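User: Could you take a close look at one annotated spot in this model? I'd also like to know how the parts around it fit together.
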Amino acid sequence: MMRHLISAADLTRDEAVLILDTAEEMARVADRPIKKLPALRGRTICNLFFEDSTRTRISFEAAEKRLSADVINFAAKGSSVSKGESLKDTAQTLEAMGVDAVVIRHGASGAPYRLANSGWIDAPVINAGDGTHQHPTQALLDAFTMRRRLLGPDAGIGQDLSGKRITVVGDILHSRVARSNVDLLHTLGAQVTLVAPPTLLPVGMDSWPCDVSYDLDSTLPKSDAVMMLRVQRERMNAAFFPTEREYSRRYGLDGDRMAKMPEHAIVMHPGPMVRGMEITAEVADSPRCTVIEQVANGVHTRMAVLYLLLGGNEPAVSHARPVESESK
Amino acid sequence: MSKILIRGAKVLGGEAQDVLIDGETIEAVGTGLSAEGATVVEADGKVLLPGLVDLHTHLREPGREDSETVLTGTKAAARGGWTAVHAMANTFPVADTAGVVEQVWRLGRESGYCDVQPVGAVTVGLEGKQLAELGAMHESAAGVVVFSDDGKCVDDAVIMRRALEYVKAFDGVVAQHAQEPRLTEGAQMNEGVVSAELGLGGWPAVAEESIIARDVLLAEHVGSRVHICHLSTAGSVEIVRWAKSRGIDVTAEVTPHHLLLTDEMVRTYNPVYKVNPPLRTENDVMALREALADGTIDIVATDHAPHPHEDKDCEWAAAAMGMVGLETALSVIQHTMVDTGLLDWAGVAQRMSVNPASIGRLTGHGRPVSAGEPANLTLVDPAYRGPVDSAEFASRSRNTPYEGLELPGRVTHTFLRGRATVIDGKLA
Amino acid sequence: MDSSAHSDAARPVLEGPDIARVLTRIAHEIVERAKGADDVVLLGIPTRGVFLARRLAAKLEEITGRKIPVGSLDITMYRDDLRMHPPRALARTEIPSDGLDGRLVVLVDDVLFSGRTIRAALDALNDIGRPRAVQLAVLVDRGHRELPIRADYVGKNLPTSLRETVKVQLDEEDGRDAVLLGEKQASPAGER
């Protein structure tokens with residue numbers, strides 16, 4: 001395992017499968033009367049959120065607490081002008097207080113990468129979403145959800161998503177979820193198709209390991225999972241699409257469209273949903289929609305990531321003592 | 001006045017010759033010149049160039065003396081082999097009045113390391129709305145010839161047209177920072193493969209090219225000359241090439257960093273690579289080199305843009321745009337243009353001294369290395385190779401993208417009107 | 001565990017039939033001591049303890065004619081040396097559906113050595129339920145305890161030196177049944 005988790009693209013297939021397998025074991029803990037494991041006892045994790053995201057923060061917090069870590073929540077006031085000094089200084093301040101790992105959400109693409117690589121702090125960094133760049137734990141929880149639903153919790157163990165056809169629909173341009181999913185799903189052997197109006201696809205994505213379509217209807221019958229991304233109404237004002245009505249007519253998922261999907265196919269959404277925009281209430285509330293499962297799976301997946309990144313030896317410990325025989 | 005004999009220098013890279021300086025002037029150029037009464041500088045095969053002229057620097061004074069002053073900036077210039085630099089107008093206050101340009105000009109005279117020629121703002125406060133008093137700046141002691149809102153584009157077509165027309169009265173030139181503002185809202189880096197992956201706001205090539213296309217057509221229409229700052233794309237090269245073929249009076253510059261670095265560097269998210277216009281692709285770099293070699297691009301200018309450490313020691317989006325360049329420019333040009341065989345040293349002299357002096361109408365710079373000419377000279381050791389170490393910089397700022405990079409060439413001596421400003425690589 | 005590293009030097013101290021006989025004996029002991037094994041739940045410690053637990057359960061069912069609940073208990077995150085190694089992949093914890101509360105839990109493992117694994121297993125149990133009592137069954141006890149822990153049912157007591165290794169092979173995982181005694185190699189990582 002690597003020291004940090006910055007981008008879904010950094011994960012190998014085997015690492016990703018190990019995370020998903022570990023998440024599966026974590027999921028079973030959720031069924032126990034005591035939903036707690038001692039793996040991170042005595043470790044302090046700081047959730048450093050420069051951007052408001054209550055659901056991601058709570059998900060990490062739940063994962064950290066279930067692993068018995070001590071948790072510090074730091075919400076830097078969400079001003080978009082939070083200067084560079086504050087990121088460096090804030091991180092250094094927290095490290096001085098004995099933080100063992102930093103989970104960071106930041107509005108600026110690359111901020112977690114900088115935090116991990118600029119020598120500001122030594123602690124491992126976990127990216128909880130940066131700008132329009134990456135959101136690797138979201139991609140992992142999405143892949144976990146797909147594997148559970150499409151292969152099954154037990155049948156999925158050790159497996160990747162080879163041959164699964166995943167369609168991601170919506171504002172690809174501004175989506176870190178889409179970028180992370182393309183990277184991870186490709187690594188896991190899935191075939192990804194991105195569907196969006198051309199205005200919401202980035203220039204320069206020709207080399208991405210996925211297909212692109214402007215037409216949702218022709219893609220749906222060939223999908224094992226359809227992931228709808230949130231489309232913010234403000235995008236309309238910057239001429240990304242003419243009106244809300246036109247967007248939902250061309251790219252929204254309603255009951256009729258869902259009927260074109262294969263019977264086993266699922267509908268996913270990273271939340272929060274904009275009902276009536278990219279997804280209708282009928283679809284959002286249908287049993288094929290995994291949005292609530294994704295929330296639960298987020299905790300399991302983040303537990304797996306935290307355990308695999310932080311559960312083992314710290315450099316200081318392993319250097320002080322040579323690796324010994326396992327005591328049986 | 002004292003005499004200096006530079007012995008055995010390859011003038012413009014040619015045969016080794018001696019150059020005798022008497023006072024502010026070159027007295028003689030030849031072989032076996034007498035050293036009597038002269039301080040001897042053994043050139044020993046080094047290359048002698050006319051003192052370099054930079055049409056594009058940011059010396060930050062007045063207003064941002066924490067990043068650079070005219071004094072530190074001119075010291076940096078001298079170390080880089082420059083004898084004249086143009087100081088851009090985006091200071092605080094903006095150099096949009098005779099008072100500010102005279103202040104900058106006077107600070108340059110006082111520094112004594114390098115002539116400083118202020119650039120005047122085209123519009124009041126660089127706001128693109130109302131023409132600044134261009135005539136008054138020209139008539140001031142600073143004698144401003146080059147006008148630019150650099151850092152911002154003169155995007156209003158009418159204002160640009162009027163400025164192009166107006167400066168004709170005193171042979172001025174408008175230097176355009178070509179950047180369509182609406183197409184570059186939130187822009188953080190070149191728009192392309194890398195920006196798509198990194199999720200950073202894209203700065204499309206078309207935002208530069210569309211303004212250049214418009215401005216060369218405006219210049220043609222009103223019969224003015226126009227200068228394009230820091231060309232960065234292959235498409236811009238094509239437009240300038242076309243404009244020149246039509247006889248439009250356009251000149252263009254390229255920065256050393258756009259001749260060497262690409263947007264691949266941004267993958268490190270290290271803001272030392274954040275610059276405006278942004279680093280482009282390998283294809284653009286190659287087109288720019290070719291254009292500089294064939295004369296489509298007239299000059300090299302540094303766009304020396306010092307920033308304090310804290311403005312670069314942060315996340316990419318929060319970081320300032322710009323790189324220092326005065327002290328590394330000649331090495332980068334040797335590396336990218338001379339050592340690649342695209343230019344000889346005479347060609348370097350043309351593009352880094354003669355042509356920029358001509359665009360800025362500087363009479364005392366960019367002159368031939370021959371008897372009777374002002375003794376503005378730069379001696380370069382092209383055989384030197386070494387890593388860039390910003391700790392040696394005279395500039396107050398260290399935001400170089402070349403830290404630790406091994407580059408060829410080193411300025412050993414710079415002479416400003418007969419006086420050595422740099423001796424053996426150190427400030428005199 | 002790396003079996004190949006030891007295969008040359010290692011010598012079998014128990015073979016397939018021995019293991020089967022030993023498990024049968026343990027099963028009888030459990031029935032005897034648990035007075036019919038009415039409330040016994042077998043929990044194997046992964047990996048080989050789980051296979052042994054299943055085999056024991058089968059034997060208990062033969063003896064008692066009743067279904068014996070069997071599960072597995074992963075102790076990875078409860079290990080006291082967790083911080084001294086890179087994180088390990090987790091194994092399955094499978095608790096029989098009726099739970100552990102009020103039951104006699106028999107932990108099953110292949111080799112009893114320092115006792116630390118069993119200490120971790122007791123901690124893990126604590127988070128899962130409250131058994132009436134906990135007992136321990138092991139195939140081999142090789143001594144060298146570092147904690148006050150002893151087994152209730154021992155297949156074979158095997159006095160060893162610390163330079164020796166004890167390796168259990170089971171058909172389900174290794175393709176054969178054997179307990180091998182070997183010399184410890186110089187290479188240290190991941191052995192036991």
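Analyst: First, how to read the annotations: UniProt positions are given in the numbering used here, feature names are shortened, and an annotation may be inferred rather than shown by experiment. This is a predicted model, where local features need pLDDT of at least 70 and side-chain atom pairs count only at pLDDT 80 or more, while totals for chains, interfaces and linings use all residues. Residues are numbered from 1 along each chain as its sequence is written, and chains are lettered from A and ligands numbered from 1 in the order written.

One record-derived feature sits on chain C: an unreviewed UniProt entry puts "short sequence motif: PRPP-binding" at residues 105-117. That stretch of chain C is 62% strand and 15% helix, with its end C-alpha atoms 16 Å apart. Helices (H or I, at least four residues) and strands (E, at least two) are DSSP runs, numbered from the N terminus.

Now the spot itself, in chain B. The UniProt annotation "binding site", again from an unreviewed entry, covers B:D150, B:H177 and B:H230. They are spread over 81 residues of sequence, but no two of their C-alpha atoms are more than 10.0 Å apart, so they gather at one spot.

Take B:D150. This residue lies in the loop between β9 (146-147) and α4 (157-166) of chain B. It counts as buried because it has 26 C-beta neighbours inside 10 Å. The cut-offs: buried takes 20 or more other C-beta atoms within 10 Å of a residue's own, exposed takes 12 or fewer, partly exposed is in between, and C-beta atoms are placed from the backbone. Setting aside neighbours within four places in sequence, B:D150 is in contact with B:M88, B:A89, B:N90, B:A175, B:H177 and B:C229; a contact means that the C-beta atoms of two residues, placed from the backbone, lie within 7 Å.

B:H177 comes from another loop, the one between β10 (173-176) and β11 (189-190) of chain B. With 25 C-beta neighbours inside 10 Å, B:H177 counts as buried. Leaving out residues up to four places away, B:H177 touches B:S148, B:D149, B:D150, B:G151, B:K152, B:C153 and B:C229. So B:C229 turns up in the contact lists of B:D150 and B:H177, and the two annotated residues touch each other.

Elsewhere in chain B, 10 of the 10 residues of helix α9 (residues 329-338) are buried, so this helix is largely enclosed by the rest of the structure. Its buried residues pack against α8 (282-294), α10 (345-359), β6 (52-57), β15 (299-300), β16 (377-387) and β17 (406-416) of chain B. For contrast, look at B:P308, in the loop between β15 and α9 of chain B. It has 17 C-beta neighbours inside 10 Å and therefore counts as partly exposed. Beyond four places in sequence, B:P308 contacts B:D66, B:S67 and B:S397.

What does chain B share with chain A? The contact takes 18 residues from chain B and 22 from chain A. On the chain B side, helix α5 (residues 193-198) gives the largest share, four residues. That side divides into 10 nonpolar, four polar and four charged residues, where Ala, Val, Leu, Ile, Met, Phe, Trp, Tyr, Cys and Pro count as nonpolar, Asp, Glu, Lys and Arg as charged, and the others, Gly among them, as polar. Chain B and chain C do not touch, their nearest C-alpha atoms being 28 Å apart; of the two pairs of chains in contact, A and C share the most contacts.

Chain A itself has 12 helices and nine strands. Its domain assignment (bounds come from an automatic or database assignment) gives domain 1 (8-134 + 295-320) and domain 2 (136-290). Their C-alpha centres lie 25 Å apart, and 26 residues of domain 1 contact 23 of domain 2. On the domain 1 side, α1(A) gives the most, with eight residues.

Finally, confidence: pLDDT, the predictor's per-residue confidence from 0 to 100, averages 90 in chain A, with 92% of residues at 70 or more. Residues 314-328 of chain A stay under 50, and the model has 26 contacts for them beyond four places in sequence. Where pLDDT is low, the predicted coordinates should not be read in detail.
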